[in-house]
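Please study the sequence and the model shown below, and then work through the exercises on pockets.

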Amino acid sequence: MQRKTTSGAMLEAMREKPPLVHCITNYVAMNIAANVLLASGASPAMVHAAEEAGEFAGIASALTVNIGTLSTQWLDGMRAAAKAAASAGKPWVLDPVAHYATAFRRQAVADLLALKPTIIRGNASEIIALAGGESRGQGVDSRDPVEQAEDSARRLAERQQAIVAVTGAVDFVTDGAKAVRIKGGSVLMPQVTALGCSLTCLVGAFAATAPEDLFGATVAALAIFAVAGEDAALGAAGPGSFAWRFLDALAALDGEALDARARVSIA
């Protein structure tokens, strides 16, 4: 299998052969997540029913699971899809949205962690709590800075044998041994609902493109988000105009520009 060595190379490979990404995400995120994947060059599918989620996960190139608007029926679909993805050797990404908020969510995320996600993406509060620490998170909002979650992310990656991405003002990615930080983005990004959820789906798209390098794939997804966020902010008057400019910025980026502008440093 040929190794795609840079974020830009992964982006170009994804656009040359768009992966089918099975997204089990929340009601709020479905539209923006699908548009983000399309703008970036991937093919989204929103399938969550337990009756078909397992079968579909075996067809798709990658699975992403987001527990934002959780229900018993959706959780059944998530479990079925995660089991099928793991059985088929497909990468799958867990987004543990506000997993600490209720007993139902805590049990749900415990069940999903037992199914061994290959990548976990969350905000600082979610990752701190997932690693067993005390976070200041409230609902879906992170009250902790990314740098405070770095040690938690390393511990969680080691425990789960997974890639862990903590996203915020400066993103952090680790496999428990190596780690990087990604700078960029815009202060307007947290004001556009579900951008973080859509990033989880994009991580899945890059993982499908480069399953031989899941660490690099995760970094690539975060890097294109960071660069596109900078570009979208240039002409935006506020979060409304930023949202559509962000999709345009994703679509306009090519591999060469991504490699030239991504600000990735060893942590």
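The following exercises concern the two pockets and the residues that line them.

The model is predicted: local features need pLDDT of at least 70, side-chain atom pairs count only at pLDDT 80 or more, and totals for chains, interfaces and linings use all residues. Residues are numbered from 1 along each chain as its sequence is written, and side-chain values use heavy atoms, with hydrogens and water left out.

**Exercise 1.** Describe the largest pocket and its lining.

Step 1. A pocket is an open set of points on a 1 Å grid over the protein atoms alone, where a 1.4 Å probe fits, with protein on both sides within 12 Å along at least five of seven lines; lining residues have an atom within 4 Å of a point.

Step 2. The volume of the largest pocket (the space filled by probe spheres set on the points, which are joined across faces, edges and corners) is about 1,100 Å³.

Step 3. The lining has 43 residues, and Asn123, Thr167, Met189, Pro190 and Gly196 are the closest to the centre.

Step 4. By class, 20 are nonpolar, 14 polar and nine charged. Here Ala, Val, Leu, Ile, Met, Phe, Trp, Tyr, Cys and Pro count as nonpolar, Asp, Glu, Lys and Arg as charged, and the others, Gly among them, as polar.

**Exercise 2.** Which residues line the second largest pocket?

Step 1. This pocket has a volume of about 170 Å³.

Step 2. Its lining consists of Lys4, Ala13, Met14, Glu16, Lys17, Pro18, Pro19, Ser61, Ala208 and Thr209.

Step 3. These residues divide into five nonpolar, two polar and three charged.
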